[in-house]
Amino acid sequence: MNAMIDSGATKDFIDQGFCSKYNIRTTQAKTTREVYLADGQPSAMGPITHTAKVPMDISSHRELATFQVAKLANLEVILGMPWLKQHSPRIDWGVGKIIFESEGCMTWCLKESLTVYAIPEDEAREENLTVEFGATQSKKDQRIQVRLLDPQAKLLTRGLAKAAGQDLYANEERTIPARGQEVVTTGISITPPQGTYGRIAPRSGMAVKHQISVNAGVIDSDYTSEIKVVLANMSKQDYQIQKGDRITQLIAEKIVESDC
Ligand SMILES: [Zn+2]
């Protein structure tokens, strides 16, 4: 389903037609409430007589959401202020990205990656009209599955929408000695998408600025233990890694089957 995030909405709404189409059970509300527009006129959305409790997954973010059932025309769900307050997501409007990083989400809602990419509004409306789930399904399979082994660990984030790699974070403090190397834990394990393997690559900023590079960096598709990164310090000074520092990037690369 497609949802619109609207900080101007005082409630969270789900479309009446959508509920009946998918047999979502609705409950009679104790009181009937009108919905008013900004100019004080009652909205065609209401009046609201029912609510619906719906388990909702947004990528890897799972919750049991309570909605007011309304006539939303060609929208399916409006996530208004109650939802925004509950989850406090960080929204990057520029690239259309939602990052669930509040303590509540980390504890209760998240299973894997905390970043969700929005689809363009036109595309969403088109999808609502044609209700085509095939495309969304195939996109999902391309994602790297991430498991948090330590609730304190940070999850992968993608720096730029088009960047190839996703950032990996240190889950402990470590000093990388000058001209030496050290193993740094990340607190997560991953499963690369089918037909790919995970490659750990240096972050260009760290390589250039601090002469920190990455040794040993392939994660086989069947390796399910914690990812540990070997960081090598090529400079003449010790380098201090703090917990939560971005230390390297993870790239999913296609496995090319070959006989030799
Ligand atoms: Zn949440």
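In what sense do E4 and strand E5 (residues 61-70) pair, and over how many bridges? In this predicted model, E4 and E5 run in the antiparallel sense and are joined over 8 bridges. One of the facing pairs places Pro 55 opposite Leu 64 in E5. The two strands form a hairpin with 2 residues between them, and Ser 59, which lies in the turn, has a positive phi of about 55°.

The hairpin belongs to a wider arrangement, an open sheet of 6 strands in the order E1-E6-E2-E5-E4-E3, in which the pairing is mixed. Strand E1 (3-5) and strand E3 (26-33) are the edge strands, each of them pairing on one side only. From one strand to the next, the twist averages 35°. In general, the strands of a sheet pair through backbone hydrogen bonds, and they may do so in a parallel or an antiparallel way. At the E3 edge, 4 bridges join E3 to strand E4 (residues 48-58), and these two strands run antiparallel. Within this pairing, Gln 28 has His 50 in E4 as its bridge partner, while Thr 27 stands opposite Thr 51 in E4. The loop between E3 and E4 contains Pro 47, and the peptide bond leading from Gly 46 to Pro 47 is cis, with omega near 0°.

Taken as a whole, the protein has 6 helices and 20 strands, and 25% of its 260 residues count as buried. Among the contacts with a separation of 6 or more, 64% are accounted for by residues 24 or more positions apart.

The interior was examined next. In soluble globular proteins, nonpolar side chains tend to be buried together. The largest nonpolar core of the protein holds 20 residues, of which Leu 168, Val 184, Ile 188, Val 229, Leu 231 and Ile 247 touch the most other members. Two or more residues are given to this core by each of strand E11 (166-169), strand E14 (188-191), strand E16 (212-215), strand E18 (228-233) and strand E20 (246-254). Apart from this core lies another, made of 14 residues, among them Phe 18, Met 45, Val 69 and Ile 78. The surroundings of Leu 231 illustrate how one member of the largest core is placed: when neighbours within four places in sequence are left aside, Leu 231 is in contact with Ile 176, Gln 181, Glu 182, Val 184, Ile 212, Val 214 and Ile 247.

Several residues in loops were also considered individually. Gly 165 is found in the loop between strand E10 (145-148) and E11, and this glycine counts as buried because 20 C-beta neighbours lie inside 10 Å. Although Gly 165 and Ile 251 are 86 residues apart along the chain, their C-alpha atoms are separated by 4.5 Å. Not counting residues up to four places away in sequence, Gly 165 touches Ala 201, Gln 249, Leu 250 and Ile 251.

Ser 88 and Arg 179 are two further loop residues with notable backbone angles. Ser 88 lies between helix H2 (81-87) and strand E7 (90-92), and its phi is positive, at about 45°, although Ser 88 is not a glycine. Because 13 other C-beta atoms lie within 10 Å of its own, Ser 88 is classed as partly exposed. Arg 179, which is likewise not a glycine, has a positive phi of about 55° and is placed in the loop between strand E12 (174-176) and strand E13 (181-185). With 13 C-beta neighbours inside 10 Å, Arg 179 therefore counts as partly exposed.

The confidence of the prediction remains to be described. The mean pLDDT of the protein is 79, and 77% of its residues reach 70 or more. Confidence is highest in strand E2 (residues 13-15), at 94, and lowest in helix H5 (residues 134-140), at a mean of 43. Over residues 131-140 the pLDDT stays under 50, and for this stretch the model has 1 contact beyond four places in sequence. Where pLDDT is low, the predicted coordinates should not be read in detail.

Technical notes
Residues numbered from 1 in each chain as written. Predicted model: local features only at pLDDT ≥ 70, side-chain atom pairs only at ≥ 80, totals over all residues. Buried ≥ 20, exposed ≤ 12 C-beta atoms within 10 Å, placed from the backbone. Contact = placed C-beta atoms within 7 Å. Core = buried A, V, L, I, M, F, W, Y, C linked by C-beta atoms within 7 Å. pLDDT = per-residue confidence, 0-100. Pairing = 2+ DSSP bridges. Axes fitted to C-alpha atoms, helices over the stretch in contact; angles between N-to-C directions.
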